[in-house]
Amino acid sequence: MSTISPKEMYLKQLERAAKIMQLDEDLLEILKQPKRVVRVSIPVKMDNGKIKVFTGYRCQYNDFRGPFKGGIRFHPGVTEDEVVALAAWMTWKCAVIDIPFGGGKGGVICDPRELSEGELQRLTRRFTYTIMPILGPSIDIPAPDVFTGEKTMAWIMDTYSAFKGYSEPGVVTGKARSIGGSKGRREATGRGVSIVADETAKYFGEKIEGMRVAIQGFGNVGSHAALFISKLGGKIVAVSDVSGGLYNKDGIDVKALMDYVKKNKVINGFPWAKEIDGDKIFELDVDMLIPAALEGVITLDNVDRIKARYIIEGANGPTTPEADEVLFKKGIHVVPDILANSGGVLVSYFEWVQSKLGFWWEEEEVNDRLERKLRNATREVINMAHEYDVDLRTGAMILALRRIEEVYKERELFP
Ligand code: NAD
């Protein structure tokens, strides 16, 4: 694991891109800081009748391009710095794919696995009530993140609507279909990873068909990325999760593994592949590597053993800036998180648009729009990287910062 904090990481990435593209210096100063970070205490009546006070955060990083957008995570390891970094990455991500949102993120320090359903509901509703003055479909629109999901979003939407006196589905995304969720949202991030991977390979004159692919993480992002890449003809030879790793040189049957994980929760014990050490996933002789689990996993400690020619960042922040430099020198194409995993927020945007219209699209329409937008963004990022002769992450950052700068120069600063 990396020793550099997510905050140090995003500031380094920002400063590097700003210097190369000669970003307006005043704008850089503005973008180094979040616009607002709210820290709240959340008293919750526990099942035993006692009150327990939790701590929560909502960071609204930047809204030059539109309302703040970003997930809420429930995790014991949540810190203010982590929430701020994730909110900054959301700001760049929404700009890279050119959707009219800024960046935000939230978190509550808690272990949801130790809370009952009732306690979780009361925690979510009280948190929503406490940050309600800064939420709204035109202000700040949360979504699910680590250990939160459709049910959490339903509680947020219901609490917000109860106070407003009318139903407001546009206040969150990642909702169940019955209350205004979008078709295709659940698979969107993994589907997006596969589209970006395919378009990148094409751009460099290669085909994903027949490529050997290894994936760290077999949750929402990893499993769907595996599924859609195998549909494009890629061969998923290795996957890992918290329980260990699997390898099959002829390719793992992804659908069978997904069914296995549905029953057994983890990949360990899947009979049609050889078990390997989970950490070895980065060192295998493969064409493409997809980290889709944790932050800070590709570091100076393992970067020299990576053999893949493409790294597609399904997870947020999996590569440290030092490892990035080594990979660039070795000619390995690292498709950054802010492009590679943006399919989720893109379909969140579609969900928000549908909520505003009160008109819901067919799945085909959602997937077609997702594909067109991501293939286009991938080409724009690679073109930008070529123009400045930089790595793809810096190319993506420059593209995002250019778009933010354009809005800043047009609107200018109040007052
Ligand atoms: P998830 O909880 O569904 O899955 C996480 C996976 O990582 C699980 O398979 C888990 O076993 C595995 N894992 C945990 N610790 C591990 C370890 N030490 N070694 C190997 N594997 C380990 O989460 P997810 O939604 O798939 O998110 C994964 C990453 O993608 C996160 O960084 C998240 O922020 C990012 N992301 C998710 C979305 C989304 O829409 N879900 C969108 C953008 C980015």
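This passage describes the overall build of a predicted protein model and then some of its local features.

The secondary structure of the protein chain consists of 13 helices and 12 strands. Its radius of gyration is 21 Å, close to the 22 Å given by the globule rule for 415 residues, so the chain is as compact as a globular protein of that length. Measured out along the principal axes, the C-alpha trace spans about 55 × 50 × 45 Å. Of the 415 residues, 59% are buried. Contacts reaching across the sequence are well represented: among those between residues at least 6 apart, 68% join residues at least 24 apart.

Turning to the surface, the accessible area of the protein chain comes to about 17800 Å², and carbon and sulfur atoms account for 49% of it. The charged side chains number 57 positive and 59 negative, and the centres of these two sets lie 4 Å apart.

Aromatic rings offer a good place to look more closely. A pair of such rings is described by the distance of the centres and the angle of the planes. The count in this model comes to 13 aromatic pairs. In one of these, the rings of Y129 and F163 have centres 5.6 Å apart and planes at 35°, so the pair is tilted. Y129 belongs to helix α4 (residues 117-131) and F163 to helix α5 (residues 150-164), so this pair ties together parts that are 34 residues apart in sequence. Y129 itself is partly exposed, with a relative accessibility of 41%.

A second pair, formed by F270 and W272, is edge-to-face, with 5.4 Å from centre to centre and 75° between the planes. The two partners sit in contrasting surroundings: F270 counts as buried at 3% relative accessibility, whereas W272 counts as exposed at 59%. Elsewhere, ring pairs link F101, Y349, F350, W352 and W361 into a cluster.

Helix α5 also holds T159, a residue whose relative accessible area of 5% makes it buried. Leaving aside neighbours within four places in sequence, T159 is in contact with R125, T128, Y129 and M132. Y129 thus appears here once more, as a contact of T159 and as the ring partner of F163.

The backbone has a few features that deserve a friendly second glance. Most residues other than glycine have a negative phi, and most peptide bonds are trans. Q22 departs from the former pattern, with a positive phi of about 55° although it is not a glycine. This residue is placed in the loop between α1 (6-21) and α2 (25-31), and at 68% relative accessibility Q22 counts as exposed. K265 likewise has a positive phi, near 75°, in a residue other than glycine. The place of K265 is the loop between α8 (254-264) and β9 (274-276), and K265 is exposed, with a relative accessible area of 67%. As for the peptide bonds, the one from F414 to P415 is cis, with omega near 0°. P415 is found in the segment after α13 (392-411).

Definitions and conventions:
Residues are numbered from 1 along each chain as its sequence is written. This is a predicted model: local features need pLDDT of at least 70, side-chain atom pairs count only at pLDDT 80 or more; totals for chains, interfaces and linings use all residues. Side-chain values use heavy atoms; hydrogens and water are left out. Helices (H or I, at least four residues) and strands (E, at least two) are DSSP runs, numbered from the N terminus. The radius of gyration is taken over C-alpha atoms; the globule rule is 2.2 Å times the number of residues to the power 0.38. Buried means under 20% relative accessible area, exposed over 50%, partly exposed in between (1.4 Å probe, protein chains only). Contact means heavy atoms within 4.5 Å. Accessible areas come from the Shrake-Rupley method with a 1.4 Å probe; for residues, only the protein chains shown count as cover. Lys and Arg count as positive and Asp and Glu as negative; His and the chain ends are not counted. The place of a charge is taken as NZ of Lys, CZ of Arg, CG of Asp or CD of Glu. Rings of Phe, Tyr and Trp (its six-membered ring) pair if their centres lie within 6.5 Å; planes under 30 degrees apart count as stacked, over 60 as edge-to-face and the rest as tilted.
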